[in-house]
Structure formats: C-alpha cells, structure tokens
Amino acid sequence: MNPQSNRRDLLKLAAASIAALATPSLASAAASASDTNSPFPKPATPEEALHLLVKGNERYLAETLTSCSANMAHLRHASEAHQEPFAAILSCADSRVPDELVFDQSLGTLFVVRVAGNIAAPDTIASLEYAAAAVGVKLILVLGHTACGAVKATAANEPVPGQISTLFQYIRPALAGTTDLTEGSRRNATLQAKTLSEASPVLADLIAKNKLLIQPAIYDVSSGKVTLH
C-alpha cells in the first residue's frame with residue numbers, strides 16, 4: 001500500500017469528522033459579523049485576496065510598511081467580538097518567517113497556522129478548515145521557505161531526538177528526485193497545498209464553488225521575497 005495514499009485516506013477521515021465545524025450557523029455567523037464599516041480588508045474574490053498579499057510583500061521588500069502605523073487599539077476593539085481575516089497562511093514555525101511582517105498585515109487580517117515544515121497534517125488541516133468554512137477566508141497560502149531546517153533534516157534522514165522525525169513522513173515525498181534543498185522546499189509547499197485540496201472535503205467544496213484558492217509559495221529568507229508557484 002502506498003504510504004502517501006494511506007496518509008490521504010486518514011486525512012480524509014479526519015476532515016470528514018471535522019466538517020461539522022462548517023455548519024450553516026457558523027457560516028452565517030461569520031457573514032453577519034462582517035459589516036461595511038469594518039477596518040479590515042474585504043477582498044471580493046480569492047484572487048483579490050492573493051493580490052493583497054503580493055502587494056504587502058512588495059511593501060515589505062521596499063521597507064515601506066503600513067501595518068506599523070495602524071491604530072492597534074481600534075483594531076483590537078473592532079475584532080473583540082469576532083475575527084475577519086481575509087487569508088490564512090500555512091507557514092513554517094521558523095523564526096525568520098514572520099508572516100504578518102512579510103505581507104505587511106496588521107492585527108486581525110491573517111489566520112496563521114505555523115508548524116515546522118509547513119505540513120498539512122490532521123491538526124493543521126482542521127485549523128485551516130475552520131478558517132475557511134467558519135471564519136470565511138478566501139485564500140490559503142502554503143508558504144515554504146529557503147534554508148528550511150525541517151526539509152534539511154528530512155533529506156538527511158538521520159536519527160534525531162524526540163518526536164522530530166514524525167514530520168518526515170509528510171515532507172519526504174516532496175524530496176524524491178532532488179538533492180537541492182530550495183527545490184525541495186518549493187516542492188514541499190506544492191505537495192502540502194495539493195494535500196489540503198485533495199484530503200479535505202470541506203476545502204475541496206469551497207474550491208469547487210470558487211470561494212477559496214489554495215496557493216503554494218516560497219519565501220527567500222535572504223532577500224525577503226515571496227514567489228508564487
């Protein structure tokens with residue numbers, strides 16, 4: 001039996017049980033929480049949400065951040081009863097990848113799920129299902145990065161302490177046929193995005209209805225640039 005097929009079957013079972021989160025009451029609550037006076041971005045389409053992130057990364061590269069000048073007290077007050085992020089990011093836990101800064105976003109705009117290797121495992125999928133089905137994000141960006149320690153450790157395939165090796169099963173298929181770690185990180189982001197779209201009936205349904213886009217990308221820790229792929 002193919003280990004990757006086993007993994008996807010398990011994830012589908014987990015996703016099916018989590019799908020109860022996407023109840024009409026939760027979806028309607030998210031919709032009713034939004035209003036035209038909200039200080040948070042409200043892109044109309046997944047493509048517009050992606051454009052906001054691209055422009056934010058351009059400001060980050062140019063060192064012309066606008067999020068730092070946001071009125072945090074106002075944003076905290078506006079988001080006290082509900083949240084209205086326009087995008088979710090499945091990102092590595094690496095300290096060199098500060099998602100809100102990388103995309104020049106402020107409090108309440110991004111739903112960030114961070115785990116070493118930016119892997120699509122049952123718990124991260126559950127969080128992203130909640131972000132899409134209940135909170136209403138229009139975009140999930142799967143963000144890998146250069147010099148990723150999780151990718152490097154997976155490629156080395158050597159004994160490691162504790163439970164670090166549990167990450168390897170999710171990343172290893174992306175490394176087949178390459179010894180280049182940057183290419184491995186790029187492939188891993190693509191693999192995790194594919195797993196999200198195929199293993200979760202909740203996310204697959206939103207994609208089919210053009211309500212959600214899942215996009216892989218890679219962040220260069222040296223230049224700061226995010227490249228979509």
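**View 1. In this predicted model, the side chains of Glu-183 and Arg-187 meet in a salt bridge, with 3.0 Å from N to O.** Four residues separate Glu-183 and Arg-187 along helix α9, so about one helical turn lies between them. Glu-183 has a second partner here: Arg-186 forms a salt bridge with Glu-183, and their closest N and O atoms are 2.7 Å apart. That pair is three residues apart in helix α9 (residues 181–199), again a separation of about one helical turn. Taken together, Glu-183, Arg-186 and Arg-187 are linked in a network of salt bridges. How buried or exposed is Glu-183? With 24% relative accessibility, Glu-183 counts as partly exposed. Arg-186 is partly exposed with a relative accessible area of 29%, and Arg-187 is partly exposed with 30%.

**View 2. Here is a salt bridge between a helix and a strand, formed by Asp-99 and Arg-114.** The closest N and O atoms of Asp-99 and Arg-114 are 3.8 Å apart, which you can set against the salt-bridge cut-off of 4 Å. Asp-99 belongs to helix α5 (residues 99–102) and Arg-114 to strand β2, so the pair ties together parts that are 15 residues apart in sequence. Asp-99 counts as buried because its relative accessibility is 1%, a value under the 20% limit. Arg-114, on the other hand, is partly exposed, with a relative accessible area of 35%. How many salt bridges are there by this rule? The count comes to nine.

**View 3. Let's look at Ser-91 and its surroundings in strand β1 (residues 87–91).** Ser-91 has 0% relative accessibility, so it counts as buried. Which residues are in contact with Ser-91, leaving aside its neighbours within four places in sequence? They are Val-97, Asp-99, Val-113, Arg-114, Val-115, Asn-118 and Leu-143. Both partners of the salt bridge in the previous view, Asp-99 and Arg-114, are therefore found in this list of contacts with Ser-91.

**View 4. An open sheet of five strands comes next, with the order β2-β1-β3-β4-β5 and mixed pairing.** Which strands stand at the edges? They are β2 (110–114) and β5 (226–228); each has a single partner strand, so one side of each is left without a neighbour in the sheet. On average, neighbouring strands are turned by 25° against each other, direction ignored. Helix α3 (residues 46–62) packs on this sheet and touches β1, β2, β3 (139–145), β4 and β5. The direction of α3 makes about 40° with that of β3.

**View 5. Zoom in on the pairing of strand β4 (residues 213–219) with β5.** These two strands pair in the antiparallel sense over three bridges. What is the bridge partner of Ile-218 in β5? It is Thr-227.

**View 6. The last close-up shows helix α6 (residues 122–135) packed with helix α10 (residues 201–208).** Two packed helices are described by the angle between their axes and by the distance between those axes. For α6 and α10, the angle is about 40° and the axes are 9 Å apart. In this left-handed crossing, α6 passes α10. From α6, the contact is made by Leu-128, Glu-129, Ala-132 and Ala-133, and from α10 by Val-202, Leu-203 and Leu-206. Those residues divide into six nonpolar, no polar and one charged.

Terms used: Residues numbered from 1 in each chain as written. Predicted model: local features only at pLDDT ≥ 70, side-chain atom pairs only at ≥ 80, totals over all residues. Heavy atoms only, no water. Buried < 20%, exposed > 50% of the residue type's maximum accessible area, 1.4 Å probe, protein only. Contact = heavy atoms within 4.5 Å. Axes fitted to C-alpha atoms, helices over the stretch in contact; angles between N-to-C directions. Left-handed = near helix turned anticlockwise from the far one by under 90°. Nonpolar A, V, L, I, M, F, W, Y, C, P; charged D, E, K, R; others polar. Pairing = 2+ DSSP bridges.
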